[in-house]
Amino acid sequence: MPLILSQLDGFVGTITMNHPEHRNALSDQMISEMFDAFEDMRERKARVIVLRAHEGAKVWSAGHDVRELPMPGRDPLGYDDPLVRILREIQHLPMPVIAMIDSSVWGGACDVALTCDILIGTPKAQFTMTPAKIGVPYNPSGLLRFMNILGINTAKEMFFSAQPIPAERAKQVGILNHLVPSDELEAFTSDMAEKISRNSPLSIAAMKESFRLLGNASPLPPNMFERIQGLRRKVYDSQDYKEGIQSFLEKRPPVFVGE
Ligand code: YZS
């Protein structure tokens, strides 16, 4: 059964994550199908895409498939990691992507949602950043994205505490563009998508790419980047990183020892 469903109605595309058994965890397979769906929408000239979970989903997405995280010694969020690739895909698509969220969002799925251009949620939406819980050193582009959207203090709280940000607060801190009742979510999102699809796709594509370039315009001197990579390598080479994954697979709380 496909893990991703997609359909195009006029100029409005809908891409649905459809793996309830694994809470829409972003496995290599799901990301590969999502990538193909985005590219198909691009070829068929969709003007806006809604990214959503299947009907009645308990979880929008449980984030990176923990079973597929590499064992110590390899960057778990390297440039070519499927999760990092799909984030780039969403940023480079010419049309806006609207994240429609009616349940909980975890780890790398928060990054997917925040990489979308517009987020519309309900009171059931909540966002939890989990690297510290698993012992993962999140990557610079991800940290920068959260800093730019949330501000550095809220981003630090999210990453350090690994606690959920509920919908009301998510709206306050700028994660959600709109917070609407669950029974209005689809109509509200569809109306927003329709309005966007009636505007100039060329103008929107140019502005979306300009936002991306301007948003990433903080030049990082090579030595600063190398320092960050050195810090991250110490973490993903650590025993704690291995313990974080092992504890998830054994369904028990992690015991971190700081090395
Ligand atoms: O044991 P089975 O085969 O039944 O499968 C279980 C879970 O193992 C599976 N599953 C996952 N598999 C791989 N990766 C995941 N992230 C993942 N999440 C869930 O789905 C089946 C049902 O899981 P349950 O726990 O029984 O479902 P439920 O009781 O409804 O709880 C749902 C949540 C989402 C609350 C729970 O599954 C959970 O806490 N999942 C882990 C969420 C998480 O920590 N995700 C972050 C993964 N890490 C990242 O995205 C980045 C690397 S980072 O950490 O850096 O942000």
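This is a quick walk through the sheet, the cores and the aromatic contacts of one structure, and it is a predicted model.

Okay, the sheet to begin with. It's an open one with six strands, ordered β1-β2-β3-β5-β7-β10, and the pairing is mixed. At the edges you've got β1, residues 4-9, and β10, residues 178-179; each has a single partner strand, so one side of each has no neighbour in the sheet. β1 pairs with β2, residues 12-17, antiparallel, over six bridges. In that pairing, aspartate 9 sits opposite valine 12 of β2.

Now look at helix α8, residues 185-197. It lies across β2, β3, β5, β7 and β10, and runs at about 175 degrees to β5.

On to the packing. The largest nonpolar core has 59 residues, and Trp60, Phe127 and Ile175 have the most contacts inside it. Helix α1, residues 28-43, gives the most to that core, with six residues. There's also a second, separate core of 13 residues, including Val12, Ile98, Val180 and Ile196. So much for the cores.

Aromatics next. How many aromatic pairs does a search of the whole structure find? Two. One of them is phenylalanine 146 with phenylalanine 159: edge-to-face, 4.9 Å centre to centre, 80 degrees between the planes. Phenylalanine 146 is in helix α5 and phenylalanine 159 in helix α6, 13 residues apart. Both rings belong to buried residues, and together with Tyr138 they form one aromatic cluster.

Last bit, arginines over rings. Arginine 85 lies over the face of phenylalanine 35, 4.7 Å from the ring centre. Arginine 88 does that with tyrosine 79, at 3.6 Å from the ring centre.

Definitions and conventions
Residues are numbered from 1 along each chain as its sequence is written. This is a predicted model: local features need pLDDT of at least 70, side-chain atom pairs count only at pLDDT 80 or more; totals for chains, interfaces and linings use all residues. Side-chain values use heavy atoms; hydrogens and water are left out. A nonpolar core is a set of buried Ala, Val, Leu, Ile, Met, Phe, Trp, Tyr and Cys residues joined through side-chain atoms within 4.5 Å. Buried means under 20% relative accessible area, exposed over 50%, partly exposed in between (1.4 Å probe, protein chains only). Helices (H or I, at least four residues) and strands (E, at least two) are DSSP runs, numbered from the N terminus. Two strands pair if DSSP finds at least two bridges between them. Contact means heavy atoms within 4.5 Å. Axes are lines fitted to C-alpha atoms, for helices over the stretch in contact, and angles run from 0 to 180 degrees between N-to-C directions. Rings of Phe, Tyr and Trp (its six-membered ring) pair if their centres lie within 6.5 Å; planes under 30 degrees apart count as stacked, over 60 as edge-to-face and the rest as tilted. A charge sits over a ring if NZ of Lys or CZ of Arg is within 6 Å of the ring centre and within 35 degrees of the ring normal.
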